[in-house]
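Work through the exercises below with the sequence and the model in view, and try each task before reading its solution.

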Amino acid sequence: MKIGILCYPTYGGSGVVATELGKGLAKAGHKIHFISYRQPARLTHYSENIFYHEVSNVDYPLFEYPPYDTALTSKVVDVVKYEDLDLLHVHYAIPHAAIAFMAKQILLTYGKHIPIITTLHGTDITLVGNNRTFSPVVEFSINHSDGVTAVSNSLAQDTYSNFNIEKDIKVIYNFIDFERFKKLDKDHFRKAIAPLGEKILIHTSNFRKVKRVDEVIRIFAAVHKVIPSKLLMIGDGPERQNLEDLCRDLSLVDHVRFLGKQDAIEEILAIGDLFLIPSASESFGLSALEAMACEVPVISSNIGGLPEVNLDGITGYLCDVGDHQTMAQRAIELLGDEQKLETFRKNALQQARRFDIEHILPEYENYYQQILNNFKQ
Ligand code: GMT
């Protein structure tokens, strides 16, 4: 198939899933055309089946807000028409599902019919999409997609509750590539970070308010009082300065390292003992899955799709949003019990295997085929 993928190029979330999916599909022989305003962060290697089309915008003094939607739609029309694509798969409803709808109408005037599949990722439904500023467009464009998928049951349910949805939403879970995410031997790195054999806790995110990252620091502060430990903070975002200030206030600067955005996350996860993700909202929690694939148990909040990924008392613990005291208690319990920690590590890997790209990729391929068949009828 010749597939167009419309996505954000960013380090986290929907952009990562879209890019990894495209790479997997390319490996399986499909021709993949990424359309975005920047080269997607995880699109790092050449593949003969992958093409990248960059959206450029026009700078004109009249435009206080340069009309990116128009530029993107024009690019989609151009790529679909000239590359003769079979299907358009858009990741994150805003604005991609609406762009795809508009492009589809324009393409019809050229006699080109193309089905659209929209994948919902989370904040496009839960935090931003249900805001009245966007919701009529989000609802319309979901209902006018030819296929709609969500990355967890929780997100599918949220979509039905937040909008008037006339479509069936197919749940296709996010996935993990075990060729990349697996426990690596990084003993020298572990010794550099934790020379006295301290336990290593890890958090990865875009450091937005919704991630409740200050609680990561508070959980660590409580753990650190009882267990010799270090915290690695991967990522960057609006809360970073506040977090660094909080570490100073709590006298933790020698024990918390801010590593910024990292490409080889699996090399850092390789030395982790525990992953923390206390988010206020999380439709799947891909970063938790990446940790689990590297045999790192997870302490998370119990909202959204997290309970579908992290199993309470098996692969880690689930606690109420905001209850960082219980999260800290659970962390101390687990890190203080080597045998339990080892069992949780194994369980985390076993659970992560359910999300192996080898199982999930064919689900997307079958869904594409189903939508294409319906579309032709
Ligand atoms: O977590 C973020 O803020 C990024 C965000 C996104 O929309 O790009 O991530 C969402 O999509 C990810 C991939 O499907 C999910 O793993 C995240 O749980 C989801 N984030 C939220 O729901 C807050």
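**Exercise 1. Find how many cavities of 30 Å³ or more the count gives, and describe the largest cavity.**

Step 1. The count comes to one cavity of 30 Å³ or more, where a cavity is a set of points, on a 1 Å grid over the protein atoms alone, at which a 1.4 Å probe fits but cannot get out. Rolling a probe the size of a water molecule over the atoms shows where empty space is left.

Step 2. The largest cavity holds about 70 Å³ of space, a volume being the space filled by probe spheres set on the points, which are joined across faces, edges and corners.

Step 3. Its lining (residues with an atom within 4 Å of a point) is made of V16, V17, E20, R42, F175, I176, D177, F181, L286 and E290. Two elements, α1 and α10 (286–293), give two or more residues to this lining, and α1 supplies the largest share, three residues. Helices (H or I, at least four residues) and strands (E, at least two) are DSSP runs numbered from the N terminus.

Step 4. By class, the lining of the largest cavity has six nonpolar, no polar and four charged residues; Ala, Val, Leu, Ile, Met, Phe, Trp, Tyr, Cys and Pro count as nonpolar, Asp, Glu, Lys and Arg as charged, and the others, Gly among them, as polar.

A word on the basis of these values: this is a predicted model, in which local features need pLDDT of at least 70 and side-chain atom pairs count only at pLDDT 80 or more, while totals for chains, interfaces and linings use all residues. Residues are numbered from 1 along each chain as its sequence is written, and side-chain values use heavy atoms, with hydrogens and water left out.

**Exercise 2. Describe the surroundings of the ligand.**

Step 1. The shell has 18 residues, of which H121, N174, N206, K211 and E282 come nearest; a residue is near a molecule if one of its heavy atoms lies within 4 Å of it.

Step 2. An N or O atom in the side chain of E282 is 2.7 Å from a ligand oxygen atom, a polar backbone atom of S283 is 2.9 Å from a ligand oxygen atom, and a backbone N or O atom of G285 lies 3.0 Å from a ligand oxygen atom. Taken alone the ligand exposes 490 Å², of which the protein buries 94%, with accessible areas from the Shrake-Rupley method and a 1.4 Å probe.

Step 3. Helix α1 (residues 13–27) gives the largest share of the shell, three residues, and by class the shell has five nonpolar, 10 polar and three charged residues.

**Exercise 3. Locate the second largest pocket and examine the peptide bond from I94 to P95.**

Step 1. The second largest pocket holds about 230 Å³ of space, a pocket being an open set with protein on both sides within 12 Å along at least five of seven lines.

Step 2. Of its 14 lining residues, D69, I94, P95, F134 and V137 lie nearest the centre, and α3 gives the largest share, six residues.

Step 3. The peptide bond from I94 to P95 is cis, with omega near -10 degrees, and P95 is placed in helix α3.

Methods:
Polar contact = N/O pair within 3.5 Å; in protein donor to acceptor, adjacent residues only side chain to side chain.
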